[in-house]
Amino acid sequence: MPSPVSEHTNLVTSQLALLKQLEWRVRHAVENVLSGEYRSAFRGRGMEFDQVVKYTFGDDIRDIDWNVTARLGEPYRKKFIEEREVSLLLLFEDSVSLQFGSGAQSKREALLELAGLVMMLGAVNRDRVGFLHASPAGYTIKEPVRGRGQILHAAAQLLGQPAPALSSAVSPPPSGFVPWRLLAKAAPRHSILIWLGDFPPRIEPEGWTVLSRRYQTMGFRVEDPWDRELPAGRILTTYDPVAGRLVNLNGASSAQQAAHADWVAQRDAAFRSLFPNPLSRLTVRPDQERLEALVRFFHARMAAGHRR
């Protein structure tokens with residue numbers, strides 16, 4: 001029988017192999033598709049002027065200093081302090097509901113891959129990256145680190161977190177299981193906070209307004225097809241990880257369809273309330289290519305930035 005230590009080592013090794021595959025895909029996307037759009041659309045514009053530097057391909061043309069450019073005969077741009085010290089902090093809210101999946105992949109598996117892609121983006125772009133994993137069993141925090149090796153191991157640590165036991169499918173406390181006060185001190189001001197979770201209908205967490213002012217906040221979720229709409233005209237039996245039992249779904253029942261539609265409306269409203277800007281919300285399906293979804297997300301933010 002393998003020891004717990006060897007099992008943990010094998011898990012970390014397999015996660016690192018997966019992350020290196022994701023890293024290759026991310027690096028290819030950054031060099032050939034995203035170019036400077038990650039910097040301009042994801043990081044945002046700096047808050048405080050620092051110095052003038054040479055313009056390089058992919059930099060935001062809005063930052064070009066035309067006076068210096070005209071004087072020196074080659075393009076120069078303004079650099080901002082926020083660009084020197086950018087931190088990404090991922091909050092992975094690991095609820096039991098993420099373990100549902102009507103297809104080949106659960107929402108949790110898809111969301112973890114999305115988290116890995118984001119962390120690899122940060123590594124490729126030389127950002128600091130950290131995470132806070134919260135579940136009913138407790139939380140694990142990794143302060144933002146810089147460097148490919150450190151970020152790879154941090155990502156492997158996040159992807160290797162055990163899924164919550166289905167026996168923990170009980171009503172969480174009113175404040176949930178995320179340590180919000182700790183989160184408010186986990187990264188410098190103006191860092192990017194990406195909250196990955198299932199986002200069920202619920203009230204806004206206490207202190208979210210303060211967090212939204214301290215960080216640039218974004219919400220990423222994975223939506224199973226059955227989250228959006230029940231299978232029409234069929235009766236299906238499936239395991240509900242939240243209820244902790246088998247349930248019957250009757251797509252031919254108008255009452256069930258109406259109740260589900262009401263739940264969908266409440267869930268969408270709660271998500272919009274947390275992230276009012278449409279360009280701060282990303283929803284993907286388990287069967288959707290996650291990197292392509294991220295690229296479209298960056299393109300949309302970049303296009304909106306040029307319209308401002």
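**Helix 5 and Ser106**

Biologist: How does the distance between the end C-alpha atoms of helix 5 fit the span expected for 18 residues?

Modeller: Helices here are DSSP runs of H or I with at least four residues, and strands are runs of E with at least two, numbered from the N terminus. The expected span is 1.5 Å times one less than the number of residues. For the 18 residues of helix 5 that gives 26 Å, and this agrees with the distance between the end C-alpha atoms, 26 Å.

Biologist: What is the model, and how are residues numbered?

Modeller: This is a predicted model; local features need pLDDT of at least 70, side-chain atom pairs count only at pLDDT 80 or more, and totals for chains, interfaces and linings use all residues. Side-chain values use heavy atoms, without hydrogens and water, and numbering runs along each chain as its sequence is written, from 1.

Biologist: How many residues of helix 5 are buried?

Modeller: Buried means under 20% relative accessible area, exposed over 50%, partly exposed in between (1.4 Å probe, protein chains only). Helix 5 is largely enclosed by the rest of the structure, because its buried residues number 17 of the 18.

Biologist: Is Ser106 buried or exposed?

Modeller: Ser106 sits in the loop between strand 3 (87-93) and helix 5 (107-124). Its relative accessible area is 14%, so Ser106 is buried.

Biologist: Which residues does Ser106 touch, not counting those up to four places away in sequence?

Modeller: Contact means heavy atoms within 4.5 Å. With residues up to four places away left out, Ser106 touches Leu98, Gln99, Phe100 and Gly101.
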